[in-house]
Amino acid sequence: MTSTLTPETARQQLEEHRYWRYRGCAPDPDQPTRAQGNPDLSLDAWGPYTEEGGEAPSARNLRLEAAEAVCGTCPVLAVCRTYGLSETADGRLAEPEGVLGGMRSLDRHKALIARRREAGVPAAPAADDARLDEARTAQKQALLRSLARETDEELVAYRAGMDVRTSNWHRSLLCGLLGLDKETASRQQLLERARELGVLPAGARITPDGRWPIAAAPNTDGSRQRRIAPARPVQLILPGFPHLARGRRAPATPAAGGGTRRPRLRIVRTVQPLTLPIATTVLEPAA
Ligand code: SF4
């Protein structure tokens, strides 16, 4: 069950197989959205679930079982499985989602992890099927999609349609379901793991954490959104000068030739190079 071929070579071998056009998951000649190996089955049965919201575990199981049954009689099963198990140069599955060669995404991930363990390369623990199903509930899917787009916990919760407390609770649970330590995992690690295990669509764009990783979930000491770094950097927003507060005009100064003038103001953002990054917003007279 190992693959030493590169994904490109394995894919080429698959597509050049003399029975490739007869594969079970090819479009049925009479019904192009159905599989020729079982015209009652939609071609979507092999892919990851892409509809809005979650997929019921029982429905998912039935869908995957039907796809696996077709794979079982497919004339290119062996080469397809080789491709499905092929890994990229950075040690990830070339095709992390869906059924390939009669194997579900999770089974192929487990095979990859076992292979890496054998080779002495540390691998993250695999989450089991039931846990993955739990991570695919409608609320957790909404939360993951929202978390992929936003880095602010309030916005994550708002976009997911829940309050911050519920959103943070789901984030904690997701860490456990995907085999991560909620105390140390970062938001980006959580999202990448979700994508790797097919819980988040492969094409989902993940907004980067920024300079310091953001914690995946609140920790047990009650901290909510926080950055993870050796020195636990904190961002402070210092208030502007009181006499230049928003809505007030700058004081007038004597002008050359008599009279007074009021300087125009412009906003200047600075980040002072201290141990802790301190972002300040001040107003200063324009040149
Ligand atoms: S083994 Fe399964 S996934 Fe691969 S080509 Fe055949 S039907 Fe499709």
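What percentage of the 287 residues of the chain count as buried? The share is 36%. The model is predicted, and the views below show parts of it.

**Figure 1. The whole chain has 9 helices and 7 strands.** The accessible surface of the chain comes to about 16,600 Å². Carbon and sulfur atoms hold 53% of that surface. Among the contacts in the chain with a separation of 6 or more, 48% join residues 24 or more positions apart.

**Figure 2. The largest nonpolar core of the chain has 25 residues.** Leu 144, Leu 178, Leu 190, Leu 191, Val 199 and Leu 200 have the most contacts inside this core. Five helices are named here for giving two or more residues to the core: H5 (129-135), H6 (138-149), H7 (153-160), H8 (164-177) and H9 (187-196). Helix H6 gives the most, with 4 residues. In soluble globular proteins, nonpolar side chains tend to be buried together.

**Figure 3. Leu 190 has contacts with residues from other parts of the sequence.** With its neighbours within four places in sequence set aside, Leu 190 is in contact with Leu 147, Arg 171, Leu 174 and Cys 175. Leu 178, Leu 180 and Ala 216 are also in contact with Leu 190. Leu 190 and Leu 178 are both among the residues with the most contacts inside the largest core.

**Figure 4. A second, separate core has 9 residues.** Its members include Trp 46, Ala 67, Cys 71 and Val 99. One of these, Trp 46, is also in contact with Val 70, the residue of the next view.

**Figure 5. Val 70 lies in helix H2, which covers residues 57-72.** Is Val 70 buried or exposed? Val 70 has a relative accessible area of 5%, so this residue is buried. Not counting neighbours within four places in sequence, Val 70 is in contact with Gly 24, Gly 37, Asn 38, Leu 41 and Trp 46. Between Val 70 and Gly 37 there are 5.8 Å in space, C-alpha to C-alpha, although the two are 33 residues apart in sequence.

**Figure 6. Ser 172 has its place in helix H8.** The relative accessibility of Ser 172 is 18%, and therefore this residue counts as buried; the cut-off for buried is under 20%. Which residues does Ser 172 touch, not counting those up to four places away in sequence? They are Lys 182, Ala 217 and Pro 218.

**Figure 7. Helix H1 (residues 7-15) and helix H3 (residues 77-84) have axes that come within 8 Å.** Two packed helices are described by the angle between their axes and the distance between the axes. For H1 and H3, the axes cross at roughly 160°. H1 is therefore roughly antiparallel to H3. The crossing in which H1 passes H3 is left-handed. On the H1 side, the residues that meet H3 are Pro 7, Ala 10, Arg 11 and Leu 14. Their partners in H3 are Val 79, Cys 80, Thr 82 and Tyr 83.

**Figure 8. The axes of helices H6 and H7 come within 8 Å.** They cross at roughly 140°. H6 is therefore oblique to H7. The crossing of H6 and H7 is right-handed. From H6, Ala 142, Leu 143, Ser 146, Leu 147 and Arg 149 meet residues of H7. From H7, the residues involved are Leu 155, Val 156, Arg 159 and Ala 160. Leu 147 of H6 is also in contact with Leu 190, the residue shown in Figure 3.

Notes
Residues are numbered from 1 along each chain as its sequence is written. This is a predicted model: local features need pLDDT of at least 70, side-chain atom pairs count only at pLDDT 80 or more; totals for chains, interfaces and linings use all residues. Side-chain values use heavy atoms; hydrogens and water are left out. A nonpolar core is a set of buried Ala, Val, Leu, Ile, Met, Phe, Trp, Tyr and Cys residues joined through side-chain atoms within 4.5 Å. Buried means under 20% relative accessible area, exposed over 50%, partly exposed in between (1.4 Å probe, protein chains only). Contact means heavy atoms within 4.5 Å. Accessible areas come from the Shrake-Rupley method with a 1.4 Å probe; for residues, only the protein chains shown count as cover. Axes are lines fitted to C-alpha atoms, for helices over the stretch in contact, and angles run from 0 to 180 degrees between N-to-C directions. Angles under 35 degrees count as roughly parallel, over 145 as roughly antiparallel, 65 to 115 as roughly perpendicular and the rest as oblique. A crossing is left-handed if the near helix is turned anticlockwise from the far one by less than a right angle, and right-handed if clockwise.
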